[in-house]
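Thank you all for coming; I would like to walk you through one model this morning, beginning with its backbone and ending with its packing. Please have the structure open while I talk.

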Amino acid sequence: MGKLEVCFKIVRNNELYFYKCCLIIICLSLNFSCQIEQNDTINLAGSWDFKIDSLDLGEQEQWYNNLFEDQVELPGSMSENGKGDTINLETNWTGNLWNDSLWYKSEKYKKYREKDNLKISFWLQPDKRYYGAAWYQKEIEIPQDWSSKIVQFSIERAHWYSSLWIDGKKIGDRNYLGTPHTYTLGVLTPGPHTLTVKMDNRVKDINVGLDAHSISDNTQGNWNGLVGDLKLEALPKTYIENVRLFPNVVEKSVRAEVIVQNTTKEQKNGSLGFQAKGFTTGVENIASISKEFQIKPGQNKFIIEYPMGEHPELWDEFHPNLYTMEVSLSEGKGIHKIFEKFGMRNFKAVDTRFEINGKPVFLRGTLECSIFPNTGYPPTDKTAWSRIFEIIKNHGLNHMRFHSWCPPESAFQAADEAGVYLQVEASAWTTIGDGAPIDQWLYKEAESILSTYGNHPSFVMMAYGNEPSGANHKEYLIDFVDHLKTLDATKMYTSAAGWPFIENADYFNTPKPRIQQWNENLNSIINAKTPQTTFDYHELIEKTSMPVVSHEIGQWCVYPNFKEISKYKGNLKPKNFEIFKESLALNGLAHLSDSLLLASGKLQTLCYKADIEAALRTKDFAGFQLLDLHDFPGQGTALVGVLDAFWDEKGYVSPEEFKSFSGATVSLIRLPKRIYKNNDTLKASVELAHFGAKPLKLVTPKWQLETLEGDVVKKGTLKLVDSIPLGNKYELGKIEIALDEIKQESQLKLRVEVAGNFNSWEIWVYPNNLKNYKEDIKVVNFLDSQTLEFLKEGGKVLLNTPKGSIASEYGGDIAVGFSSIFWNTSWTNGQKPHTLGILCDPEHPALAKFPTQFHSNWQWWDAMSHSNVIITSKLNPELKPIVRVIDDWFENRSLALVTEAKVGRGKLLISGIDLNTNLNSRVEAQQLLHSLKSYMVGSKFDPQVELEADQLLSIYNL
């Protein structure tokens, strides 16, 4: 009887047998091994038995021999599964609280310390919190065809210390933070076995730092669990353990270092085959080669040079060409294959620049601080990471730094495909070099990161971690960098993010090139230097013998977006946002929440533009790293992103607008000032920072001076340029514009276009001759009895308060500067400024001759630099500021820069701005004073809220 006849006979009894039988016949007829029936991987995702070990007695009591009654779903964390302790005042957090500790004792937070209303202000709040040992257990079934194979168990991302038992026998321990925990179980008999994992997330002898983003509650949280791929894998007794690929673009080859593990006691004869296959569309396969080797028992290392042909496709941000290297081990009847993606690229330091494949590159980066609110841990699927990298590229960026942590495999895969340069760190922000266990652990962590992810072309830079401390940290890092260089010379290494400078590093990550330093307060470039676009950091670059990458530039805050609260549907809850929202409502300002967000967001964007353009103006600068393109919800709540914690837009700047000053090709100008009289001539030097795919050819730069509505005032072109090379500070020419035709006060935009790339800068032009108002208006610095009598009798008074004259209870302690808040006032212990710019109605008649938008812009720099704010609710809750200053969200006070009131039969305009001191040299102050006077002499000046004289006298610091 033939095979098909057998099948038809069986079908009468069982149709399922028919299909299985036919499948076997088809496989046999095609001489094809049906691997669908021989799966070498078992996915362990699903329900696991579980038990909390809060007293850490599990090992002592041999829990690995017991069965657990509780269950959790894995991959996942305890908190996601609703396991752990409810948050309370005694919760043991992983993170330094600095000034946030005020939450525990401040009267204003008292109601948020109540059991039924517990809300913390300093970071996102998990539903449950557990800190200690927990046990996870799974019954596994070893297939019959694994009877002679080596079985491995791996946890893609474990947190943190894991220990493993199989059938009560301990296999080992692992404590990597950035790489999988892989255990070799040996040969297991077919049938059921019990797999038991103990996971411990306590900071014990290895202290990576309580604020390290690998473990801190500031960001992802110090969770307990197993996430990502959880799997068993069957391997032949002689198998490929690891493959490292080191591309050599110059030699058009790849050095392959292959670790082969022979678990038998016999020497084997085998061969290794190699073939690079195109992974990206248009990338062609390369010819295969094979080498024979003798494989001794234990671990073997084999090195071969693989030729990539005459024209290998290279990898960079514009052409993310990828190959897959198929490495096959043939030994006896067995074949074991490994597939490793890689790219042909040469990323290196040349003087003070980085180059990729011989072309200059400028790093335009942001941080990823392991901020994933809906899980509390990083995603392990490529789709999530591809979305993030698409977003940062849409904003003009090409680089990401992972602050004190290392991302999972999927992040590297997505960055490879997107063309994003990564700086990876060995999971720490701590004291090093003093002989503590962390010193040796960091070597192992870094070695594991390089071994696991080092083949990815996107992985171009590495550091120990963030901002080290310790008496011997510099000496330690010199040796650490030397060691990493011996392992993988295809990466660039620095000591640490932030400091110190060491001669053997490849680049220097430093906070010095930015417009606001830590604790600089109001003495920074942006707050102490009048508005201009001429400064850069060339002096620092010229003194540094290697590429300089600026560390954590920006840190500019924005007011919270309370609509974001509804997006937190997972493990971490924005109780901090709820506190701030309730505070705003208690102060009667809830109706302004959207406006406060948008106005402060416009100022935040302006600050980032100033920061980034200064970097791009600097010749031979290597790049910047923003903190951050998206919000940092911890460390006191640092709302520093133009995107929220979910990488979504907030509504005040589009990716296209942001990219105009942060992209690969950016037009730049050097303006000595932004404020002009109409008898001035505007003079600007035009430059280009161009780090595109190739040089530009036959370019005619264009410029135009236009109104905010787009109406052209003047326009022109610069000289035709035959070729613009890759690099920056390329001078395109000069613009000179006589402003005498502009007869009235104007806010204008100078727009430059180079090869389809647009950028713009706002300027203000005021009339040279201002009207001298002769009407009976008194302009005073203080209210004396004579002025008060004048007011009571129906006079008009402009009260112009000198800076520093306001009493603290009325706002005198609130430090006002031009910029937004740096990081946040809680974590920085009140660093200045304390405010987030202005909010006003541009159509208000008091501002009719002082052109403005609803938010801060550079014409407000002078006012904000010479001002007090006044807490209006202290005078009268009904007072409505004409120009409001946006307060810190921890306070949410109603602050006025300009307001008005009725006093007796008189009319009072109160200016917190000093409109008297050095007025001859302050063009903006002259114009603002002119606008306020013009308002006061008109019929629209008619304040309705009444104040008593003694109220006004009380605001002074006398």
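Where does Trp160 lie? Trp160 sits in the loop between strand S9 (150-159) and strand S10 (161-166), where helices (H or I, at least four residues) and strands (E, at least two) are DSSP runs numbered from the N terminus.

Before I go further, this is a predicted model, in which local features need pLDDT of at least 70 and side-chain atom pairs count only at pLDDT 80 or more, while totals for chains, interfaces and linings use all residues. Residues are numbered from 1 along each chain as its sequence is written, and side-chain values use heavy atoms, with hydrogens and water left out.

Returning to the backbone, a cis peptide bond joins His159 and Trp160, with omega about 5°. A cis peptide bond also joins Leu627 and Asp628, with omega about 20°, and Asp628 belongs to the loop between strand S33 (623-627) and helix H11 (655-659).

Glu467, in the loop between strand S28 (459-465) and helix H6 (473-487), has a positive phi near 30°. Glu467 counts as buried at 18% relative accessibility, given that buried means under 20% relative accessible area, exposed over 50% and partly exposed in between, with a 1.4 Å probe and protein chains only. Asn521 has a positive phi near 55°, lies in the loop between strand S30 (508-510) and helix H7 (525-528), and is buried, with a relative accessible area of 18%. As background, most residues other than glycine have a negative phi, and most peptide bonds are trans.

Turning to the packing, the largest nonpolar core (a set of buried Ala, Val, Leu, Ile, Met, Phe, Trp, Tyr and Cys residues joined through side-chain atoms within 4.5 Å) has 169 residues, and those with the most contacts inside it are Val208, Phe389, Leu442 and Trp860. Helix H10 (residues 593-617) gives the most to this core, with 12 residues. Apart from this core lies another, of 28 residues, among them Trp48, Ile140, Ile166 and Met199.

What does Trp860 touch, not counting residues up to four places away in sequence? Its partners, taking contact as heavy atoms within 4.5 Å, are Phe818, Ile838, Leu847, Phe850, Thr852, His855, Val883, Leu897 and Leu928.

Finally, Phe389 also appears in helix H3, where Lys382, Trp385, Ser386, Phe389 and Lys393 meet residues of H4, including Ser410, Gln413 and Glu417.
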